[in-house]
Amino acid sequence: MFAFALLLAAAPAPLPQQEGETVTVRAPLPAAPQTPATLVAEPVAMMIATFDTNGDAMVDRAELEEGVRRSFEAIDTAKTGKLRYLAFSDWAKRFLGDQHALPSPYEVDRNDDDAVTLDELEDHFSRLFARYDRDGDHLVSRAELLTYRTMPVDAQGPTAGRRPPKKEDAKKAERSDGRGQDRKRGGRDAPPPDADAPEPERAR
């Protein structure tokens, strides 16, 4: 207790605020929106990139087969040699980032027995490897795993085919929030008085 009191006494006292001085507290700036990317990587391409075990930023077929086998065995803990479609969803969520990411189990399951074997998975990745290996050197580089995005996008997704907003849309949105009705009632668009309504009685 005595030592704590000594620490308090040794701590510098806060500077007194002068009279009339304004203290400004600045809030953190809002996060800036991300610039739409022109180079993207498919989930399966990111997975293939992780198979680089020797750190040369290249993936050969031996590294590919070993990586696919490790991922398969990480889910097939019962050693059944097959991944049912639910188990394949767990595989996709862990190694592709989302259970609905491609490849889907329907395209990997070549014999349509509702299960994916290691051979089927390795066969599918072998065909993917051939697609990414654009220069045919039996190696896949980081550049080959990237895909150029040709469709312009913004925060709401692809902009191609999206019609520009029209004035009618703005008027509909204005009426839907109730503000347009209030303006019409109080302005020149107010409805005419009822002709059958009795006239107000004159003051006598």
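Rings of Phe, Tyr and Trp, the last represented by its six-membered ring, are taken as a pair if their centres lie within 6.5 Å. By this criterion the structure, which is a predicted model, holds 5 aromatic pairs. One of them joins tyrosine 85 and tyrosine 106 in an edge-to-face arrangement, with 5.2 Å from centre to centre and 80° between the planes. This pair links distant parts of the chain, since tyrosine 85 belongs to helix α4 (residues 85-95) and tyrosine 106 to helix α5 (residues 105-108), 21 residues apart. The two partners differ in their surroundings: tyrosine 85 counts as buried because its relative accessibility is 17%, under the 20% limit for that class, whereas tyrosine 106 counts as exposed at 60%.

A further aromatic pair is formed by tryptophan 91 and phenylalanine 95, and its geometry is tilted, with centres 6.4 Å apart and an angle of 40° between the planes. Both residues lie in helix α4, where a separation of 4 residues amounts to about one turn of the helix. An α-helix has 3.6 residues a turn, so residues three or four places apart point the same way. Tryptophan 91 is buried, with a relative accessible area of 0%, while phenylalanine 95 is partly exposed at 28%. Tryptophan 91 and phenylalanine 95 also belong to one aromatic cluster, together with Phe51, Phe88 and Phe125.

Phe125 leads to helix α6, where it is one of the buried residues. The others in that buried set are Glu120, Leu121, His124, Leu128, Phe129 and Tyr132. Helix α6 covers residues 118-132, and at 1.5 Å a residue its 15 residues should span 21 Å; the end C-alpha atoms are 21 Å apart, which agrees. At the end of this helix, arginine 131 lies over the face of tyrosine 132, at 4.7 Å from the ring centre.

Helix α6 also carries a salt bridge, in which the side chains of aspartate 123 and arginine 127 meet at 3.2 Å, N to O. These two residues are 4 residues apart in the helix, about one turn. Aspartate 123 is partly exposed, with a relative accessible area of 37%, and arginine 127 is partly exposed with a value of 37%.

Over the whole structure, a search finds 7 salt bridges. Side chains of opposite charge can pair when their charged atoms come close. In helix α3 (residues 61-75), glutamate 66 and arginine 69 are separated by about one helical turn because they are 3 residues apart. Their side chains meet in a salt bridge of 2.4 Å, N to O. Glutamate 66 counts as partly exposed at 32% relative accessibility, and arginine 69 is likewise partly exposed, at 27%. Another salt bridge connects aspartate 113 with lysine 82, the closest N and O atoms being 3.6 Å apart. Here the link is between distant parts of the chain: aspartate 113 is in the loop between α5 and β4 (115-117), lysine 82 is in strand β3 (residues 82-84), and the two are 31 residues apart. Aspartate 113 is partly exposed at 25% relative accessible area, as is lysine 82 at 37%.

On the surface, Leu39, Leu146 and Tyr148 make a nonpolar patch of about 320 Å². Leucine 39 is found in strand β1 (residues 39-41). With a relative accessible area of 39%, leucine 39 is partly exposed, and therefore passes the requirement of over 30% for a patch residue.

Technical notes. Residues are numbered from 1 along each chain as its sequence is written. This is a predicted model: local features need pLDDT of at least 70, side-chain atom pairs count only at pLDDT 80 or more; totals for chains, interfaces and linings use all residues. Side-chain values use heavy atoms; hydrogens and water are left out. Patches are made of residues with over 30% relative accessible area and no salt bridge: like charges are joined within 9 Å, nonpolar side chains (Val, Leu, Ile, Met, Phe, Trp, Tyr) within 5 Å. Accessible areas come from the Shrake-Rupley method with a 1.4 Å probe; for residues, only the protein chains shown count as cover. A salt bridge is a side-chain nitrogen of Lys or Arg within 4 Å of a carboxyl oxygen of Asp or Glu. Buried means under 20% relative accessible area, exposed over 50%, partly exposed in between (1.4 Å probe, protein chains only). Rings of Phe, Tyr and Trp (its six-membered ring) pair if their centres lie within 6.5 Å; planes under 30 degrees apart count as stacked, over 60 as edge-to-face and the rest as tilted. A charge sits over a ring if NZ of Lys or CZ of Arg is within 6 Å of the ring centre and within 35 degrees of the ring normal. The expected span of a helix is 1.5 Å times one less than its number of residues.
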